[in-house]
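Biologist: I am new to this structure, and I would like to learn how to read its features one at a time. Could we go through it together?

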Amino acid sequence: MSTNESTAEDRCTALVELPGLVKKVLADPEISQGVAAQVHWVEGTLYRALQQDDFRSRYGNSLRDLLGPGATALCRMTEAGELRAKELKTPPKGVTASLRRRSSILRRLAEAAGVPSGAISYPKAGLKPTMPSWASSELHHRVAEEVERRPAAPGKARFLAVVGLVLDTRARTGELCAIRITDLAPGLDGVKITRNPQADTVTTYAPEAMRLSSTTQAALAQWLPIRQHLVADLEGSADALLVVLRSNRGQGDAPYLQGMPLRPKGLIGSYRTHVQELKEEATRRGGSGWELPEGLEQLRRAVEEQQRAATPGALRVPAATPKKAGAAGQEARPAQAFGELVTSVEAYVAARADAGDETAPRVLRARASLREATWTAWARSDHATTLLVLRQAGLDHDNLAAAGYDERLLAALERA
């Protein structure tokens, strides 16, 4: 840096005071890690702007200038794609979530400095269209066709499991990534989703047990053995349902290894990639009519819109609706469910002993009741307790299939 440049920056009051202001904002005990990262991000943008002679001479004399008219100028510059940390060839996309976040942080900095903010208030971007109502029914059919093809490619197998889960549960990206092996029902015919509603003051919700369609069950049955191979060499426990397909550098110094839990950003990117691949495959096979949204959130909203128009609660389990953790709704009465489970085991064992034939109607009815009791016990507790009750009631490991337990799930539970 030349002497003239050093002198100019020394005279830049805003540049000298900005670090202290950022430190003051970050000292707020209520600030989250995400917001703190955004503050540092905007701080970097301000520093890059102040390196420009014209911007520094206009708005660097004080924090009032920098966060007032300087913030307006900064917003206009970033709209035009300037001041990026990395040189990108992609053109600016107009009003984006990034612009809104940057503007919000600029207003936070101005408030902390006690000066008027010149940050532009951007309107919230409109939601992208989902898909026509007729396409949703067609989508279920198309996904079922792809599952029947039994894809061997790990990416496609995981993709179909994700689509099936969204169609059945309308889960958000973060909620999908939070699903654990223990959240799958014994026969893969259900899943527990822990909701994370946006703009909600409640931070913790009790899991919601939901039934899954036969298509999603088949997709999960295909994905679990592939997942088991991916986590085989992973050290420690491996309980995430959706895992990384191949190792890569990841972010920062943290490795992103094969078999590690898939993060929301990775899930969003892989979904977009496989949507395009699937559409191209269908076209090559002479297929048409695919209306699969390009964004995972668009797919979720399409499912939500369809369910809102249909009969409410069609896919919900009445005894396991979502409730705020710690609320009075926690009285799911697992003890009653375990008592019914023991009774069902005893009835099944007795029916099988009396009939001597696994295909006898009495045995089949007892097995169906046992599977439903097992499902309910899992929905109200967990696999470890349910399996313990089954064993104590007299059902050995070799007969867990009678209670509905899928072998692939049992293998994954053991690894987890």
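Modeller: What follows is a short walk through helix packing, a pair of strands, the cysteines and one buried helix, and please keep in mind that this is a predicted model.

Biologist: How does one describe two helices that pack together, and what are the angle and the axis distance for H9 and H11?

Modeller: Two packed helices are described by the angle between their axes and the distance between the axes. Here helix H9 (residues 154-169) and helix H11 (residues 214-230) pack at about 145 degrees, their axes lying 8 Å apart, and H9 passes H11 in a left-handed crossing. On the H9 side the contact includes Pro154, Ala157, Leu160, Ala161, Gly164 and Leu165, while H11 contributes Thr216, Ala219, Leu220, Trp223 and Ile226. Sorted by class, the contact comprises nine nonpolar, two polar and two charged residues.

Biologist: Why do the contact residues of a helix so often recur at a regular spacing?

Modeller: An α-helix has 3.6 residues a turn, so residues three or four places apart point the same way. In H9, for instance, Ala157, Ala161, Gly164 and Asp168 are among the residues that touch H11.

Biologist: Turning to the strands, which way do S1 and S2 run, and how many bridges join them?

Modeller: Strand S1 (residues 190-193) and strand S2 (residues 208-211) run antiparallel and are joined by four bridges, and Lys192 has Ala209 of S2 as its bridge partner. Within S1, Gly190 and Lys192 point one way and Val191 and Ile193 the other, yet all of them are buried. S2 also holds Glu208, which counts as buried because its relative accessibility is 1%, under the 20% cut-off. Glu208 and Arg380 are 172 residues apart in sequence, whereas their C-alpha atoms are 9.7 Å apart in space.

Biologist: How many disulfides does the structure hold, and is Cys75 buried or exposed?

Modeller: The structure holds zero disulfides. Cys75 is buried, because its relative accessibility is 2%, and Cys177 is likewise counted as buried because its relative accessible area is 8%.

Biologist: Which residues of helix H6 are buried, and what covers them?

Modeller: In helix H6 (residues 69-79) the buried residues are Gly70, Ala71, Ala73, Leu74, Cys75, Met77 and Thr78. Their cover includes helix H3 (33-50), helix H4 (53-59), helix H5 (63-67) and helix H7 (97-113). Just after H6, Gly81 adopts a positive phi of about 85 degrees.

Key:
Residues are numbered from 1 along each chain as its sequence is written. This is a predicted model: local features need pLDDT of at least 70, side-chain atom pairs count only at pLDDT 80 or more; totals for chains, interfaces and linings use all residues. Side-chain values use heavy atoms; hydrogens and water are left out. Axes are lines fitted to C-alpha atoms, for helices over the stretch in contact, and angles run from 0 to 180 degrees between N-to-C directions. A crossing is left-handed if the near helix is turned anticlockwise from the far one by less than a right angle, and right-handed if clockwise. Contact means heavy atoms within 4.5 Å. Ala, Val, Leu, Ile, Met, Phe, Trp, Tyr, Cys and Pro count as nonpolar, Asp, Glu, Lys and Arg as charged, and the others, Gly among them, as polar. Buried means under 20% relative accessible area, exposed over 50%, partly exposed in between (1.4 Å probe, protein chains only). Two strands pair if DSSP finds at least two bridges between them. A disulfide is a pair of cysteine sulfur atoms within 2.5 Å.
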